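Subject: Structure handover

Dear colleague,

Please find the structure below. My notes on what was found in it follow.

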Amino acid sequence: MAKLGNAAAAIKPKGGGSVKVKVIGGLIVAVIALIILFNIFNFANTDANRIGLHYGGGVIEDKKFKSIVPPGSTNKLIGPGDTLYTYPIDQRSYIIGGDGADTDAADEVTVVSKDNVRLGVRVQVYFTLNRNQDVIKSFHERIGLKTEAYEESGWNDMLQSYFRPQIDRALSAVATNYNWAELYNNEAKKSAFQSAAAKEFTRLLPAAVGGDYFCGPGYNGSNDCGELSFTIQKPMPLDKGIIDGLEAKQRAELAKATQEQKNQQVNVELQSVKQQVAMLGANGYLLKTAIESGKIQFMVIPQNGNVSIPVPTTTPSTPNDQPTQPAR
């Protein structure tokens with residue numbers, strides 16, 4: 001009996017260990033199954049301001065475009081190994097120089113005016129990405145993959161690589177049609193310069209990137225693409241001494257204009273004097289002038305009238321003066 005009890009005791013632990021092994025094995029199988037399921041059932045999500053491009057990437061299919069994932073999508077089922085690339089659809093900007101610039105705050109585009117003065121120009125471009133399916137697919141495959149523009153840092157690199165050179169070219173080509181002072185202090189000329197530069201940039205950019213990938217800031221995906229918003233700040237000479245010289249010249253011109261105005265006023269007064277002398281005579285004009293200045297006073301005395309005229313009296317020069325004694 002003792003031997004049988006010992007055998008039973010020896011067998012019991014083995015049975016308990018077997019149960020533990022089965023539980024652990026079951027958990028491992030469950031985890032593996034979940035991993036497999038998560039790889040099979042791949043989900044895509046997009047923010048409200050981003051559009052997704054769904055590309056295949058499984059072991060049995062090519063890495064080709066499959067579909068557009070609309071903005072604001074949640075848990076959209078895509079194939080195992082597939083990839084989702086997202087791009088911004090809200091208004092974007094590329095700003096050169098100043099506060100909030102995409103470049104250094106002190107950065108600016110350098111151009112040369114018609115009269116060979118080097119000017120610095122700060123530029124702001126506002127736009128949206130064209131979300132037409134064929135267009136945005138082309139943008140992704142030609143530009144986005146190369147610059148990784150679906151990432152924020154890659155997007156900035158894309159702007160620097162494609163926008164900046166065309167802005168430099170557009171401004172440089174147009175600036176040679178204007179003298180520097182026209183761009184500096186003539187608002188009409190500056191406006192014409194900005195319009196011409198915007199037109200040139202709009203022509204250069206699609207040729208550089210290979211398509212009409214960018215629309216105006218008012219584009220919403222269902223209306224016309226529109227033109228990009230292109231604005232510039234006042235072009236400034238890089239040599240500040242030129243501005244000082246212009247201001248000195250303007251001060252001299254203002255002083256000259258002021259003196260000419262004074263001379264004109266004197267001439268008018270002189271003509272008036274000549275006319276009065278011709279009419280009153282020299283003595284009459286002098287008498288008139290003396291009366292008007294208050295140096296001569298006069299009264300109108302009625303005929304046969306009595307008029308009392310007060311005679312001013314003199315006062316003693318000092319209070320200690322004594323009255324004069326009558327002569328004996």
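**Helix packing**

Helix 3 packs against helix 5 (residues 187–209) at an angle of about 140°, and their axes are 8 Å apart. Note that this is a predicted model. Angles over 145 degrees would count as roughly antiparallel, so the two helices, helix 3 and helix 5, are classed as oblique to each other. Their crossing, helix 3 with helix 5, is right-handed.

**Helix 3 itself**

Helix 3 covers residues 152–175, which is 24 residues. At 1.5 Å a residue, helix 3 should span 34 Å, and its end C-alpha atoms lie 33 Å apart, which agrees. There is nevertheless a bend of about 30° in helix 3, at Phe 163. A proline, Pro 165, follows within four residues of Phe 163.

**Salt bridges**

How many salt bridges does a search of the whole structure find? The search returns seven. Notes on several of them follow.

Lys 66 pairs with Asp 82, with 3.0 Å between the closest N and O atoms. This pair links distant parts of the chain, 16 residues apart: Lys 66 sits in strand 3 (residues 65–69), while Asp 82 is in the loop between strand 4 (76–78) and strand 5 (83–88). Are the two partners buried or exposed? Lys 66 is partly exposed, at a relative accessible area of 38%. Asp 82 has 7% relative accessibility and therefore counts as buried, the cut-off for buried being under 20%.

A salt bridge also joins the side chains of Asp 107 and Arg 164, at 2.7 Å from N to O. Here too distant parts of the chain are linked, with the two positions 57 residues apart in numbering: Asp 107 belongs to the loop between strand 6 (92–96) and strand 7 (109–112), and Arg 164 to helix 3. Arg 164 has a relative accessibility of 12%, so this residue counts as buried.

Within helix 2 (residues 133–147), Lys 137 and Glu 141 are four residues apart, so about one helical turn separates them. Their side chains, those of Lys 137 and Glu 141, meet in a salt bridge of 3.5 Å, N to O. Lys 137 is partly exposed, with a relative accessible area of 26%, and Glu 141 also counts as partly exposed, at 38%.

Finally, Asp 90, Arg 92 and Glu 152 are joined into one network by salt bridges that share partners.

Regards

Conventions
Residues are numbered from 1 along each chain as its sequence is written. This is a predicted model: local features need pLDDT of at least 70, side-chain atom pairs count only at pLDDT 80 or more; totals for chains, interfaces and linings use all residues. Side-chain values use heavy atoms; hydrogens and water are left out. The expected span of a helix is 1.5 Å times one less than its number of residues. The bend at a residue is the angle between axes fitted to the seven residues ending there and the seven starting there. A salt bridge is a side-chain nitrogen of Lys or Arg within 4 Å of a carboxyl oxygen of Asp or Glu. Buried means under 20% relative accessible area, exposed over 50%, partly exposed in between (1.4 Å probe, protein chains only). Axes are lines fitted to C-alpha atoms, for helices over the stretch in contact, and angles run from 0 to 180 degrees between N-to-C directions. Angles under 35 degrees count as roughly parallel, over 145 as roughly antiparallel, 65 to 115 as roughly perpendicular and the rest as oblique. A crossing is left-handed if the near helix is turned anticlockwise from the far one by less than a right angle, and right-handed if clockwise.
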